[in-house]
Amino acid sequence: MPRYTAHVRGEWLAVPCRDARLTVGWLGREAVRRYIKNKPDNGGFASVDDARFLVRRCKGLGLLDNEDPLEVALEDNEFVEVVIEGDAMSPDFIPSQPEGVYLYSKYREPEKYIALDGDSLTTEDLVSLGKGRYKIKLTPTAEKRVQKSREVIDRIVEEKTVVYGITTGFGKFARTVIPVSKLEELQFNLVRSHSSGVGKPLIPERCRMLLALRINVLAKGYSGISLETLKQVIEVFNASCLPYVPEKGTVGASGDLAPLSHLALGLIGEGKMWSPKSGWADAKYVLAAHGLKPIVLKPKEGLALINGTQMITSLGCEAVERASAIARQADIVAALTLEVLKGTTKAFDTDIHAVRPHRGQVEVAFRFRSLLDSDHHPSEIAESHRFCDRVQDAYTLRCCPQVHGVVNDTIAFVKNIITTEINSATDNPMVFASRGETISGGNFHGEYPAKALDYLAIGVHELAAISERRIERLCNPSLSELPAFLVAEGGLNSGFMIAHCTAAALVSENKALCHPSSVDSLSTSAATEDHVSMGGWAARKALRVIEHVEQVLAIELLAACQGIEFLRPLKTTTPLEKVYDLVRSVVRPWIKDRFMAPDIEAAHRLLVEQKVWEVAAPYIEKYRMEHIPESRPVSPTAFSLELLHKKSTKIPEFEDL
């Protein structure tokens, strides 16, 4: 018999259907009837007949025709929303779909797997897992480690040994011994009481990353979770059933307790949960719709699920990967601006950077040469001012290798810490099967990723700070020799005047966001947890800083392409012309004023999706091969880690790149 789950005014109702030939309208009326039946005041309705409603699918939010048969309009076990006509949303209303629903309505279940062992996950892998590109399975070695650590826990329970978090309370209650008959209840109580976060829920990609990372940590075999329970968690991930995890509430020690508790709450069938099939619904309904059962926690398993730095670190992985992407593309955008402002390439000469051989600086200078070398890529714009009397450019052009370079090195440093952290055991207590014992320690403290992500925000911000100054030079006719604000008929048209103001506003906001959160600490848990990292805020604001950087560079990219219009028919170098063509494929030139926000968003999407890098990268790598034939090319994704894992202390010459 088909069954549907209906959402009516915040209530989720299971509606069985004896005949699939019944209509969508019948389903709506039956859902409202069941809603009224459960309300003392009949939900404000005199009868079902008084209700006027629309029915829409939770997946994709498509409206349904009330006259359509259910067997045609819906799949078995599908989720729908019954929207009562005239209802006003309450402030705590949870929509059935998160922002960007159009992305999730196209979700396709992945066919490929990533095997997790707790030791070899990369930041790129975790971001891919977040995007739903892979399912998860455990390696045989990981399964054996998990089983052995669980045997230690079972022995502790059997022997009634007093061990923190297994047979005792938590935090201030660490000395309270719990009876064996109450050990499972202890774990459920832990998850429920610690689910105290506030704020918007994590978007599906970030929740998926959080869940995947917790699985990776559990796979190390130091947490004491049973293999049966861990496999249940993996099944939930593979079905893309994602608990409601508020973004605020962690102080980053003891781990990310509040967000990870919300994650665990969904796994035990409580709270809210989201899947592409259901949208937001009660967790028990979402699990049932995917043929899954709520997890029944055994001793230690609640603690195993919630104690660690995975909220900080999973967001940190996204921050590092987005920072890497925008740092690469910032060089391309700046090179285009330099062309439009008729700058010189002399500041990127190999010898200049060989005598100050910071790895990032050398690489950025190389990228500029690969894009601007007129012998390799003739530029009519460069040729037009070859014999001008200008000796040198402003710092915002001349010093790009030094400023952008240290950003690259900062990202590399942070990536090393985050990569170590995602493959680290961060529980307490730790279960050491080889010793047959548990040891309490402090691996849950988030100071490492917190400090690193504060540093990342400070470093990456500089890309926006210098970009905003280049936008000023593009818009200011006394500095650019271009029309004021890059538009014809100035006065009638304002052009990029306020786009530059937007860039300035974002840079100013970043200055406040770059204040390190990890310099703060507040004592919690009755002074038991008396020093914390505040890493959750470090991660969230790092992502916000990076998004602002992307948006500022999107404005610069648009401004530079608009500047090209006033230099036509002259052409720039081949790779930069390709970048120009890419931008023009989504944003047309500015002939007169128009609604600008969509243009900025379109350019922003090009950067987020790394389209600008994809266009220019082949030219950069070809130039590398032709000019450094003896060396192995450094791939853009491997550059950071290669630097960090280099064993030699010798300072590399440029030829080593």
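**Cysteines, a small sheet and a surface patch**

Let me begin with the cysteines, where the count comes to 0 disulfides, and I should say at once that what we are looking at is a predicted model. A disulfide here would need a pair of cysteine sulfur atoms within 2.5 Å, and it is worth going through two of the residues with that cut-off in mind.

Take cysteine 388, whose closest cysteine sulfur is the one in cysteine 400, and because the separation is 18 Å, that is too far for a bond. Cysteine 388 is partly exposed, at a relative accessible area of 37%. Cysteine 514 also has the sulfur of cysteine 400 as its closest cysteine sulfur, but the distance is 19 Å, so a bond is again ruled out. Is cysteine 514 buried or exposed? With a relative accessible area of 10%, cysteine 514 is buried.

Let me turn now to the sheet. This is an open sheet of 3 strands, in which the order runs β8-β10-β11 and the pairing is antiparallel. The edges are formed by β8, residues 242-243, and by β11, residues 279-282, each of which pairs on one side only.

How many bridges join β10 to β11? Strand β10, which covers residues 272-275, pairs with β11 in the antiparallel sense over 4 bridges, and the two strands form a hairpin with 3 residues between them. If you want to follow this pairing on the structure, you can start at serine 275, which stands opposite glycine 279 in β11, and then look at lysine 272, whose bridge partner in β11 is aspartate 282.

On the other side, β8 and β10 are paired over 2 bridges, also in the antiparallel sense. Here the residue to look for is proline 243, which has methionine 273 in β10 as its bridge partner. As a general reminder when you look at such pairs, side chains in a regular strand alternate between the two faces of the sheet.

Finally, I would like to show you something on the surface. Which residues form the nonpolar patch there? They are Leu54, Leu63 and Val83, and together they have about 280 Å² of accessible area. Of these, valine 83 can be placed in strand β4, which spans residues 79-84. Its relative accessibility is 32%, and since partly exposed covers the range between under 20% and over 50%, valine 83 counts as partly exposed.

To close, I would ask you to keep in mind the count of 0 disulfides, the antiparallel order β8-β10-β11 and the nonpolar patch of Leu54, Leu63 and Val83.

Key: Residues numbered from 1 in each chain as written. Predicted model: local features only at pLDDT ≥ 70, side-chain atom pairs only at ≥ 80, totals over all residues. Heavy atoms only, no water. Buried < 20%, exposed > 50% of the residue type's maximum accessible area, 1.4 Å probe, protein only. Patch = residues over 30% accessible without salt bridge, like charges linked within 9 Å, V, L, I, M, F, W, Y side chains within 5 Å. Areas by Shrake-Rupley, 256 points an atom, 1.4 Å probe, with all protein chains shown as cover. Salt bridge = Lys/Arg side-chain N within 4 Å of Asp/Glu carboxyl O. Pairing = 2+ DSSP bridges.
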